[in-house]
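Colleague: Could you take me through one part of this model slowly, as if I were new to it? I'd like to look at a single strand and then at what else is worth seeing.

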Amino acid sequence: QAEDGIRDSSTSRGLGDVYKRQEFKNKTAFVTGGGSGIGRATSVALSVCGVNVAIADINEQTGIETVDHIKSLGNQASFYKLDLNNNKEIKNVIKQVYIEKKKIDFAVNNAGVGGNFEPIHKTNYSNWINTLNINLNAVFLCMKHEINFMIKQNFGRIVNVSSMAGLKGVGGGASYSASKHGVLGLTKSAAIEYGSQNIRINAVCPGFIDTDLIKKVPEKILEFNKKINPMRRLGYSNEVANTILWLLSENSSFVNGHSINIDGGYGCLLYTSPSPRDVEESRMPS
Ligand code: NAI
């Protein structure tokens, strides 16, 4: 069982006390997909620690809800409408955040979509492109513009949200898996390029986390995964946010180009990726 409070992404489970130190005070963060799930939990947790958070999301309503919640706790945040499919918008929004907040210390490239659940031979090319665009190309563009400003500051901490699907194949989810593998390649390459300029870049690989994103995952697959997960449950957004904050903090000062699994030990299993047919027939993947 998860500890009380861990399920609620509007809380930060006392992280404020852990990180409310000089290092997080007066820092600014740019978080994509801050209107929901992992992005919302991360934005709330950062703000509680004294960070001024710029929340970018395609969904104006949920993004503003996160900002209002943060302000109701007496902390700082603002909303920026951003469609990650729009290259120009990415550049303009990041520039606007830099101008308004004067710096971008932390960036969490989190927004993503699950893509379609279908075998490769039935996948429409436009579905493939759409998943790759949001989950990978947009992460590249966000990093490009974030790093531009971070070089000027001689300081930057970036966390990219990949997935356990960035480490293993997913039967029926090739576009998602390919996009998340790409995020890890980008993370490692960027860590090599910018480590000497005081910019650290890492990634997280969550397992199934209880957010809106998994609402489209067939119930049978979720149940199967819960059954075989060593901790026998889904993860919660706060559990991912806690790890992201650690990677942004100086507690991880020599961690660069790394990715951390947040999956209850799921990635340690020998068999982790059932195909839709395996699940249908309730058998272990072959
Ligand atoms: P979510 O669906 O709760 O949140 C995703 C956010 O991204 C939403 O606020 C949505 O409006 C925003 N977004 C989607 N398309 C966008 C676009 N074109 N432009 C701007 N914003 C856009 O999902 P969740 O679970 O919080 O996902 C966050 C990240 O975590 C994603 O990258 C996802 O792939 C990753 N992840 C999630 C897992 C899970 O089981 N929930 C597991 C592994 C990784």
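Modeller: Sure, let's begin with strand S5, and keep in mind that this is a predicted model. Both of its faces are covered. On one side sit Gly-156, Ile-158 and Asn-160, and on the other Arg-157, Val-159 and Val-161, and every one of these is buried. That two-sided pattern fits a simple rule: in a regular strand, side chains alternate between the two faces of the sheet. Count along S5, residues 156-161, and you get 6 of 6 residues buried, so the strand is largely enclosed by the rest of the structure. Here "buried" means a relative accessible area under 20%.

Who is S5's neighbour? Strand S4, residues 106-109, pairs with S5 in the parallel sense, over 4 bridges. If you want one bridge to find on screen, go to Asn-109, whose partner in S5 is Asn-160. You've met Asn-160 already, as one of the buried residues on the first face I listed.

Now slide over to the ligand. There are 29 residues around it, and the ones that come nearest are Ser-36, Asp-57, Asn-110, Tyr-176 and Thr-211. Sort that shell by type and you find 14 nonpolar, 11 polar and 4 charged residues. Helix H2 (37-48) and helix H6 (174-194) each supply at least two residues of the shell.

Some polar atoms are worth zooming in on. A ligand oxygen lies 2.8 Å from a polar backbone atom of Ile-38, and a ligand nitrogen is 3.3 Å from a polar backbone atom of Leu-82. With Lys-180 it's the side chain that takes part: one of its N or O atoms is 2.8 Å from a ligand oxygen. As for how covered the ligand is, taken alone it exposes 830 Å², and the protein buries 92% of that.

Next, follow the chain past H2 to Gly-50, which is found in the loop between H2 and strand S2 (52-57). Gly-50 is partly exposed, at 22% relative accessible area; the cut-off for buried is under 20%, so Gly-50 doesn't qualify. Gly-50 and Thr-28 are 22 residues apart in sequence, and their C-alpha atoms are 8.9 Å apart in space.

Last stop, the cysteines. Cys-142 is buried, with a relative accessible area of 2%, whereas Cys-268 is exposed at 71%. A disulfide needs two cysteine sulfur atoms within 2.5 Å, and by that rule the count comes to 0.

Terms used. Residues numbered from 1 in each chain as written. Predicted model: local features only at pLDDT ≥ 70, side-chain atom pairs only at ≥ 80, totals over all residues. Heavy atoms only, no water. Buried < 20%, exposed > 50% of the residue type's maximum accessible area, 1.4 Å probe, protein only. Near = heavy atom within 4 Å. Polar contact = N/O pair within 3.5 Å; in protein donor to acceptor, adjacent residues only side chain to side chain. Areas by Shrake-Rupley, 256 points an atom, 1.4 Å probe, with all protein chains shown as cover. Nonpolar A, V, L, I, M, F, W, Y, C, P; charged D, E, K, R; others polar. Pairing = 2+ DSSP bridges.
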